[in-house]
Amino acid sequence: MKKLLITVYFLIFILIIVLLGGLWSTYRDAPDQPIAFSHKKHLTYVGLECDHCHQYAEVGLQPGIPAVSVCMDCHEAVATDSPEIIKLTEYWNRKEPVPWAGVYYLPQHVLFTHKRHIKKGIDCAECHGDMKVVEKVRQVRSLRMGWCVTCHRENGASDDCWTCHK
Ligand code: HEC
Ligand code: HEC
Ligand code: HEC
Ligand code: HEC
Ligand code: HEC
């Protein structure tokens with residue numbers, strides 16, 4: 001009897017590890033970025049709003065990553081002796097975009113539009129977390145189908161397959 005209980009406990013333990021492992025692996029790690037850009041600094045100390053840099057959230061599929069020119073509006077004059085800003089200026093002088101590593105992206109077969117969600121009044125933080133505390137962007141929501149569908153059902157939005165798969 002005791003042996004059986006121990007076996008059962010052991011199996012439950014293994015199951016929990018496997019389940020946790022599964023959850024864990026759906027979150028991508030924070031990738032190293034070519035320039036150490038801090039959301040925290042720009043949102044709190046500098047006091048910018050998201051749409052200063054991500055201009056297309058309300059009008060397009062994707063908010064967009066800012067062009068170097070947006071940064072240079074300030075950094076032509078601000079912190080010009082910082083090694084990170086020197087790197088930034090080098091991209092600017094070469095007329096090259098900064099090759100930022102993406103964190104949030106879906107497979108090709110899924111359709112997601114920011115516009116519809118933003119127009120509905122859903123806050124960026126609902127899906128990306130509180131960016132005011134973020135030094136280095138990492139994934140904070142699973143982006144799995146279950147996550148999308150759960151919120152759709154809770155808010156009376158469509159859970160028809162063709163809503164998200166074209
Ligand atoms: C000063 C410009 C600036 C502001 C303001 C800003 N961001 Fe960003 N954001 C960036 C840059 C540059 C990147 C790409 C580098 C990185 O990931 O750190 C980025 C990346 C991101 C990403 C990850 C994109 C991906 O490729 O997966 C998210 C999500 C994001 N920002 C959300 C926000 C939100 C929400 C706000 C407002 C609360 C905000 N940002 C304000 C410049 C900005
Ligand atoms: C509205 C003005 C403004 C814009 C736009 C802006 N920044 Fe900044 N940034 C600042 C200020 C102010 C600081 C703080 C400087 C300091 O600490 O002396 C700063 C600090 C930084 C730093 C840290 C510098 C250091 O080593 O201390 C980096 C890196 C940086 N910004 C990158 C960027 C990038 C990349 C963009 C474009 C996506 C950007 N910034 C857009 C104003 C701006
Ligand atoms: C309902 C959830 C949700 C909300 C709300 C949301 N996002 Fe996103 N965001 C996503 C998903 C999902 C992706 C990946 C999209 C893809 O790959 O098609 C993404 C991708 C991004 C990206 C990277 C894609 C790119 O290149 O533009 C940025 C930047 C971003 N979001 C910023 C924002 C900002 C800023 C807001 C608020 C104005 C916001 N998001 C609100 C879910 C959301
Ligand atoms: C935080 C809640 C929430 C999350 C998370 C969310 N959505 Fe939505 N979504 C909504 C709501 C609410 C609407 C309805 C908007 C409206 O009525 O205009 C909507 C609408 C949509 C639409 C437009 C529907 C139509 O009828 O054309 C698409 C496409 C969509 N979502 C895809 C996704 C995908 C894909 C994901 C996951 C990656 C996702 N959503 C995650 C709340 C959410
Ligand atoms: C609200 C958005 C949404 C709806 C509704 C939705 N899906 Fe998905 N689906 C996703 C997202 C996001 C992914 C990619 C992430 C993942 O694999 O979990 C996905 C992935 C999938 C995959 C690929 C799984 C894999 O492992 O690659 C299949 C198959 C699928 N969906 C079928 C369906 C079917 C069938 C329906 C209708 C019953 C449906 N989906 C409804 C958002 C949605």
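**Exercise 1. Ala79**

Decide whether Ala79 is buried or exposed in this predicted model.

*Solution.* Start with the neighbour count: 12 other C-beta atoms lie within 10 Å of Ala79. The cut-off for exposed is 12 or fewer. Ala79 is therefore exposed. Next, place the residue: Ala79 sits in the loop between α4 and α5. Finally, check the backbone. Phi of Ala79 is near 55°, a positive value in a residue other than glycine.

**Exercise 2. Lys95**

Find where Lys95 lies, and classify its exposure.

*Solution.* Locate the residue first: the loop between α5 and α6 holds Lys95. Then count. Lys95 has 7 C-beta neighbours inside 10 Å, so it counts as exposed. Now read the torsion. Phi of Lys95 is near 60°, and this positive value belongs to a residue other than glycine.

**Exercise 3. The overall fold**

State how many helices and strands the protein has, and what share of its residues counts as buried.

*Solution.* Count the elements: there are nine helices and zero strands. Along the sequence this reads α-α-α-α-α-α-α-α-α. Turn to burial: 4% of the 166 residues count as buried. Then take the contacts with a separation of 6 or more. Of these, 67% join residues 24 or more positions apart.

**Exercise 4. Helix α4 against helix α5**

Work out how the axes of α4 and α5 are oriented to each other, and which residues meet.

*Solution.* Take the geometry first. The axes of α4 (residues 68–75) and α5 come within 10 Å and cross at roughly 125°. Angles over 145 degrees count as roughly antiparallel and 65 to 115 as roughly perpendicular. The two helices are therefore oblique to each other. Add the hand: α4 passes α5 in a left-handed crossing.

Now list the contact. From α4 come Val68, Cys71, Met72 and His75; from α5 come Ile85, Leu88, Tyr91 and Trp92. By class, this contact has seven nonpolar, one polar and no charged residues.

**Exercise 5. Trp92**

Describe the setting of Trp92: which helix holds it, and which residues does it touch beyond four places away in sequence?

*Solution.* Trp92 lies in helix α5, residues 83–93. Its partners, leaving out residues up to four places away, are Val68 and Met72. Check a distance too. Trp92 and Cys71 are 21 residues apart in sequence, with their C-alpha atoms 9.5 Å apart. Last, classify: 17 C-beta neighbours inside 10 Å make Trp92 partly exposed.

**Exercise 6. Two loop residues**

Place Pro34 and Ile65, and give a C-alpha distance for Pro34 and for Ile65.

*Solution.* Begin with Pro34, which is in the loop between α1 (2–25) and α2. Its C-alpha atom is separated by 6.8 Å from that of Pro99, 65 residues away along the chain. Beyond four places in sequence, Pro34 touches Val98, Pro99 and Trp100. Pro34 has 13 C-beta neighbours inside 10 Å and counts as partly exposed.

Move on to Ile65, found in the loop between α3 and α4. Ile65 and Gly102 are 37 residues apart in sequence and 9.5 Å apart, C-alpha to C-alpha. With 12 C-beta neighbours inside 10 Å, Ile65 counts as exposed.

**Exercise 7. The ligand shells**

For ligands 1, 3 and 4, identify the nearest residues and the class make-up of each shell.

*Solution.* Ligand 1 goes first. Of the 20 residues around ligand 1, those that come nearest are Cys50, Cys53, Val103, Tyr104 and Cys124. Elements giving two or more residues are α2 (39–45), α3 (50–53) and α7 (124–128). The split for ligand 1 is 13 nonpolar, seven polar and no charged.

Ligand 3 follows. Of the 20 residues around ligand 3, Ala57, Gln62, Tyr105, Cys124 and Cys127 come nearest. Here α6 and α7 are the elements that give two or more residues. Helix α7 gives the most to the ligand 3 shell, with four residues. By class, the shell of ligand 3 has 13 nonpolar, six polar and one charged.

Ligand 4 closes the set. Around ligand 4 there are 21 residues, of which Phe112, Cys148, Cys151, Asn155 and Ala157 come nearest. Two or more residues come from each of α6 (114–119), α7, α8 (145–154) and α9 (161–164). The largest share of the ligand 4 shell, four residues, is from α8. The classes around ligand 4 are twelve nonpolar, six polar and three charged.

Notes:
Residues are numbered from 1 along each chain as its sequence is written. Chains are lettered from A and ligands numbered from 1 in the order in which they are written. This is a predicted model: local features need pLDDT of at least 70, side-chain atom pairs count only at pLDDT 80 or more; totals for chains, interfaces and linings use all residues. A residue is near a molecule or strand if its C-beta atom, placed from the backbone, lies within 6 Å of it. Ala, Val, Leu, Ile, Met, Phe, Trp, Tyr, Cys and Pro count as nonpolar, Asp, Glu, Lys and Arg as charged, and the others, Gly among them, as polar. A residue is buried if 20 or more other C-beta atoms lie within 10 Å of its own, exposed if 12 or fewer, and partly exposed in between; C-beta atoms are placed from the backbone. Two residues are in contact if their C-beta atoms, placed from the backbone, lie within 7 Å. Axes are lines fitted to C-alpha atoms, for helices over the stretch in contact, and angles run from 0 to 180 degrees between N-to-C directions. Angles under 35 degrees count as roughly parallel, over 145 as roughly antiparallel, 65 to 115 as roughly perpendicular and the rest as oblique. A crossing is left-handed if the near helix is turned anticlockwise from the far one by less than a right angle, and right-handed if clockwise.
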